[in-house]
Amino acid sequence: MSAESPSRVDWITSNCQLLAATAAEFLETKPFDGLSIGTAIHLEPKTAALLTTLKAGGAHVIATGNLNSTQPATVEWLKARGIQAIGVATTEATAHESTIEAILAEKPDLLLDNGGDLFARVAENPYVRLKGGTEETTSGRMRLMPLRDRLNLPILVINDSPIKQFAENRHAVGQSLFESYMRFTNRATQGRRVTVFGYGACGKGTAACFRNAFATVSVVDIDPVTTLEAHLDGFATPPRDEAIVSADVIVTVTGAPHVIGAADLTLLKDGAILMNGGHFPHEIDVAAIRQSPLVEQAIRYEGESIETLRLADGRAIHILGGGHMANLAGPRPLGNTVESMDLGFTLQARCLELIAKGGVDASACVVPVPPAIDRAVAEAYLALNR
Ligand SMILES: NC(=O)c1ccc[n+]([C@@H]2O[C@H](COP(=O)([O-])OP(=O)(O)OC[C@H]3O[C@@H](n4cnc5c(N)ncnc54)[C@H](O)[C@@H]3O)[C@@H](O)[C@H]2O)c1
């Protein structure tokens, strides 16, 4: 291959059509002229297309990632294009937190957050110049809602746009978690019993993708109304412990901590595979499971991000990606589809544009994307894809 061959980052960014159209417009309109934007969102190729779009709009972009998902090739690609990318590939919370602090030390005018790492600190240490920003995901919205009084800034939650809900969470997350299961394990799904914890938008897609792959899928959700929906969608909805006892594969996509913990080791089937799709690596309490007195031996497969725990009674339990979000963990992590992220990230770019222009005030603190932006982004996507 010649030195000039385009990279995977080039392939992905060149396929983000909506962002490319937005960047072309921003080059003319320059909505972020003179402004800096601090970002803390997975530094992987689709994000690179978003960050260069913001730069096209005149922004000085300072970028870090989320825990365990930073891809070094993307960081290098961004640096070569004048983006101040300081993200590091790490599973260490303290190393990640130091990059979050470094972003905030620059006091950016706008923030683009994913999981609330930036805005949770702003609630503790506000600074005058901050105009507001965006939060990408469910877990971040849950973290920021109780901080609204202290934040008192326009913060638009991309997750709560219907477009993000159906294009990414429902259609793309299930597909990419299923792809990740195959990529990690190379194991058949046909006839396997798969239990999905959480039947929100992400869980619905995950359950559907495994069912389409001929697995026998059950769903566990703490909300009886949602459990009824899963039942009417044709999934088995056994009580939690019963589901765990019979599952060959368990996938968590709840946004909640410690959904599966050390106490479940007595229930898990020999050979059970545990995988998380939720934002934070706390849905499966991997640390407590590793430390359980029932665990006799931990075996890590070199370069595969698969950990096998041998229990005293002879059973083996496998954990994928250390309980980190599986679609952005392990070897060759691809994340969600280009099209789903192109849509969601165009919502990001348009929301940041609105805030930069002063189009929303502090009463829009941790609220969904304005419907006018949803309509404009939907029309633009349809125009490009009809
Ligand atoms: N992997 C990805 O690419 C990706 C993309 C988008 C969102 N996410 C993350 O996925 C998670 C789920 O997102 P969502 O939009 O589906 O959320 P959601 O709020 O729509 O659904 C979560 C569901 O989990 C259920 N739940 C909560 N605690 C539970 C428990 N202990 N046991 C069983 N069910 C429980 C809730 O009742 C709810 O129905 C979040 O952490 C979100 O940030 C990941």
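This report describes two sheets and the helices that pack against them in a predicted model.

**The mixed sheet**

One open sheet holds seven strands in the order 8-7-9-10-13-12-11. Its pairing is mixed. Strand 8 (216–220) and strand 11 (295–301) each have a single partner strand, so they stand at the edges with one side lacking a neighbour in the sheet. From one strand to the next, the twist averages 20 degrees.

Strand 7 (residues 193–197) and strand 9 (residues 249–252) run parallel and are joined by four bridges. Val 196 has Val 251 of strand 9 as its bridge partner. Helix 10 (residues 201–212) packs on this sheet. Helix 10 touches strand 7, strand 8 and strand 9.

**The parallel sheet**

A further open sheet also has seven strands, in the order 3-2-1-4-5-6-14. Here the pairing is parallel. The edges are strand 3 (84–85) and strand 14 (365–368); each has a single partner strand, so one side of each is left without a neighbour in the sheet.

Strand 6 (residues 155–157) runs parallel to strand 14, and three bridges join them. The bridge partner of Ile 155 in strand 14 is Cys 365. Helix 6 (residues 117–124) packs on the sheet. Its contacts are with strand 1 (36–40), strand 4 (110–113), strand 5 (132–135) and strand 6. Helix 14 (residues 338–356) lies across strand 1, strand 4, strand 5 and strand 6.

The table gives the direction of each helix against one strand.

| Helix | Strand | Angle |
|---|---|---|
| Helix 10 (residues 201–212) | strand 8 | about 165 degrees |
| Helix 6 (residues 117–124) | strand 4 | about 130 degrees |
| Helix 14 (residues 338–356) | strand 5 | about 160 degrees |

**Helix 9 against helix 14**

Helix 14 also meets helix 9 (residues 162–185). Their axes come within 9 Å and cross at roughly 150 degrees. Angles over 145 degrees count as roughly antiparallel, so helix 9 is roughly antiparallel to helix 14. The crossing is left-handed.

Helix 9 contributes Ile 163, Lys 164, Ala 167, Glu 168, His 171 and Ala 172 to the contact. From helix 14 come Ser 340, Met 341, Leu 343, Gly 344 and Leu 347. By class, the contact has six nonpolar, three polar and two charged residues.

Technical notes:
Residues numbered from 1 in each chain as written. Predicted model: local features only at pLDDT ≥ 70, side-chain atom pairs only at ≥ 80, totals over all residues. Pairing = 2+ DSSP bridges. Helix = DSSP H or I, 4+ residues; strand = E, 2+ residues; numbered from the N terminus. Axes fitted to C-alpha atoms, helices over the stretch in contact; angles between N-to-C directions. Contact = placed C-beta atoms within 7 Å. Parallel < 35°, antiparallel > 145°, perpendicular 65-115°, else oblique. Left-handed = near helix turned anticlockwise from the far one by under 90°. Nonpolar A, V, L, I, M, F, W, Y, C, P; charged D, E, K, R; others polar.
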